[in-house]
Amino acid sequence: MPSYFTSAPGKVILFGEHAVVYGKLATAGSLGLRSYALVQSRTDGALEVNLPDVQLVRSWKSADIPRQARWEGYPYPPPAMNVELLDQLTKFVDLGTQTNRSVAAIALLYLHSYLTSDDIANQGYDLSVRSDLPVGAGLGSSASYSVCLATALLKLNGHLSESLSAADQRDLVNQWAFQAEKVIHGNPSGIDNTVSTLGGAVIFKKGEKIEPLPGFQSLKFILTNTRVPRETQVLVANVRKLREKFPSVVNPMLDSINEISISCKQLFAQNGEDRAHLLSRFGDLVDVNHGMLAALGVSHPTLEKVREISSKLGLKSKLTGAGGGGCALTLVRDDMDEKTVEELKTKLGEQGFEVLEAQVGGPGAGFVTLDSVTSIAEFLSRGTADLETQTWTYFV
Ligand SMILES: Nc1ncnc2c1ncn2[C@@H]1O[C@H](COP(=O)(O)OP(=O)(O)OP(=O)(O)O)[C@@H](O)[C@H]1O
Ligand SMILES: C[C@@](O)(CCO)CC(=O)[O-]
């Protein structure tokens with residue numbers, strides 16, 4: 001009975017949000033906070049889905065789920081989005097539109113519909129995903145969910161065979177995760193699922209191939225979720241309006257942000273040996289980038305509060321993602337003592353913020369082949385530290 005754990009990280013944008021919309025460079029890294037999935041075949045033809053983070057527990061007869069004609073062999077490349085299938089699945093799950101759980105369920109069934117073999121469909125399977133990431137706070141929870149799903153379904157159906165190179169396996173996972181991201185987001189750039197699949201850190205430009213950031217070294221951040229909800233689309237539209245009003249003012253700012261990403265790339269490429277220097281310069285770029293984003297109008301009083309609190313303790317912070325609330329990152333230099341970090345966490349917590357400690361630049365998607373059946377309840381009750389002690393295989 002095939003049975004697997006899969007796992008994939010969230011992401012954090014280091015530099016270049018908003019500017020990336022106008023073809024400028026941005027840099028992003030994988031987070032130490034991850035999502036985990038359990039997938040295992042059954043014998044009764046049921047698809048048992050358990051997604052506790054979006055309060056979804058459902059059982060479907062796999063034979064009832066709308067399906068596509070599937071590949072005989074290697075399922076690559078995925079086809080263009082199938083709008084008709086999306087409509088059918090939306091009606092089938094019947095959970096309304098655009099709620100967290102409806103889009104999560106539709107994305108899952110969309111991948112199921114293409115990737116599940118007749119044998120697996122006849123047997124049925126359990127699929128459960130849980131995450132350490134806050135949902136909808138700009139840390140790539142949807143991408144990490146999508147990558148976990150894609151890895152789980154590709155693995156269960158034998159598409160990630162050892163005869164494929166690691167690069168081909170990675171690409172397969174990434175392309176199918178991108179399909180799930182499209183179901184959830186409409187028109188994503190693909191950066192989130194790529195960082196989540198590859199891990200490490202990347203430099204990217206819209207429409208071009210995403211490259212690993214040369215010489216990248218793992219970094220430690222405090223991530224503060226201000227819990228202020230924000231709509232990426234609205235913030236992007238506001239920057240667009242400002243740019244239309246004052247192109248000669250805003251365009252040079254976007255160019256400067258592009259230079260920040262280039263400087264970040266140069267820092268890692270040239271300062272591999274001198275980590276203290278690298279971190280100090282990185283902190284300077286954090287400050288400058290936040291200043292530019294605030295000037296573009298996408299900061300928020302809660303984000304400025306994070307900066308005020310951290311700067312009093314000698315630490316540099318910036319908003320990450322779309323801004324207007326959501327999350328801020330604070331760089332924790334290697335020379336910061338534990339007491340200062342604890343003080344920072346306490347002060348941020350006193351504001352009602354959620355404080356997360358995270359390493360950036362860790363591994364991407366991975367899986368564990370299990371040799372015995374695991375109950376969903378047992379999987380859900382296991383802590384992250386416990387799951388991490390398993391022997392994970394990453395696509396590297
Ligand atoms: N653990 C999870 N279980 C099930 N679905 C999830 C989970 N995490 C995320 N999702 C899906 O992803 C959606 C959240 O995507 P959204 O883009 O709003 O947030 P994000 O990915 O955290 O932020 P960003 O894309 O700005 O980094 C949820 O509505 C849900 O459908
Ligand atoms: C604000 C933005 O640059 C990043 C949001 O995480 C929007 C985008 O790139 O689509």
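Trainee: Which residue stands opposite Lys318 in strand 10?
Mentor: Lys318 faces Leu329 there. Strands here are DSSP runs of E with at least two residues, helices are runs of H or I with at least four, and both are numbered from the N terminus. One caution early on: this is a predicted model, so local features need pLDDT of at least 70 and side-chain atom pairs count only at pLDDT 80 or more, while totals for chains, interfaces and linings use all residues. Residues are numbered from 1 along each chain as its sequence is written, and chains are lettered from A and ligands numbered from 1 in the order in which they are written.

Trainee: Thanks! In which sense do strand 9 and strand 10 pair?
Mentor: Antiparallel, over four bridges, with strand 9 at residues 317–320 and strand 10 at residues 327–331. Two strands pair if DSSP finds at least two bridges between them.

Trainee: And how many residues sit between them in the hairpin?
Mentor: Six, and Gly321 in the turn has a positive phi of about 95 degrees.

Trainee: Which residues other than glycine have a positive phi?
Mentor: Asp94, near 55 degrees, is one of them, and Arg227, near 65 degrees, is another. Most residues other than glycine have a negative phi, and most peptide bonds are trans.

Trainee: Where is Asp94, and is Asp94 buried or exposed?
Mentor: Asp94 is in the loop between helix 1 and helix 2. Asp94 counts as exposed because it has 9 C-beta neighbours inside 10 Å. The cut-offs are 20 or more other C-beta atoms within 10 Å for buried, 12 or fewer for exposed and anything in between for partly exposed, with C-beta atoms placed from the backbone.

Trainee: What about Arg227?
Mentor: Arg227 is partly exposed, with 15 other C-beta atoms within 10 Å. Its loop runs between strand 8 (219–225) and helix 7 (232–245).

Trainee: Which peptide bond is cis?
Mentor: The one from Tyr76 to Pro77, with omega near -10 degrees. Pro77 belongs to the loop between strand 4 (56–61) and helix 1 (83–93).

Trainee: Switching topic: what are the domains?
Mentor: Domain 1 is 3–213 + 362–394, and domain 2 is 219–360. Those bounds come from an automatic or database domain assignment. Their C-alpha centres lie 28 Å apart. The contact takes 27 residues from domain 1 and 30 residues from domain 2, where contact means C-beta atoms, placed from the backbone, within 7 Å.

Trainee: Which element gives the largest share on the domain 1 side?
Mentor: Strand 2, with seven residues. That side divides into 17 nonpolar, eight polar and two charged residues. In this scheme Ala, Val, Leu, Ile, Met, Phe, Trp, Tyr, Cys and Pro are nonpolar, Asp, Glu, Lys and Arg are charged, and the others, Gly among them, are polar.

Trainee: Where does the largest nonpolar core lie?
Mentor: Between the two domains, because domain 1 and domain 2 both give residues to this core. A nonpolar core is a set of buried Ala, Val, Leu, Ile, Met, Phe, Trp, Tyr and Cys residues joined through C-beta atoms within 7 Å. This one has 60 residues, of which Val12, Ala28, Phe221 and Leu223 touch the most other members. Leu223 touches Val12, Leu139, Cys327, Leu329, Leu356 and Ala358, leaving out residues up to four places away in sequence.

Trainee: Nice, Leu329 from the hairpin again. Why does ligand 2 count as lying between the domains?
Mentor: Both domain 1 and domain 2 give residues to the shell around ligand 2, so it lies between them. Among the residues around ligand 2 are Ile13, Glu17, His18, Thr232 and Gly321; a residue is near a molecule if its C-beta atom, placed from the backbone, lies within 6 Å of it. The shell has five nonpolar, five polar and one charged residue.

Trainee: And which residues come nearest to ligand 1?
Mentor: Asp53, Ala104, Ser131, Ser141 and Ser142, of the 23 residues around ligand 1. Helix 2 (100–115), strand 5 (124–131), helix 4 (141–156) and helix 5 (166–185) are the elements that give two or more residues to that shell.

Trainee: Last one: is Leu285 buried or exposed?
Mentor: Leu285 counts as buried, because 21 C-beta neighbours fall inside 10 Å. Leu285 sits in helix 9 (residues 275–295).

How values were computed. Contact = placed C-beta atoms within 7 Å.
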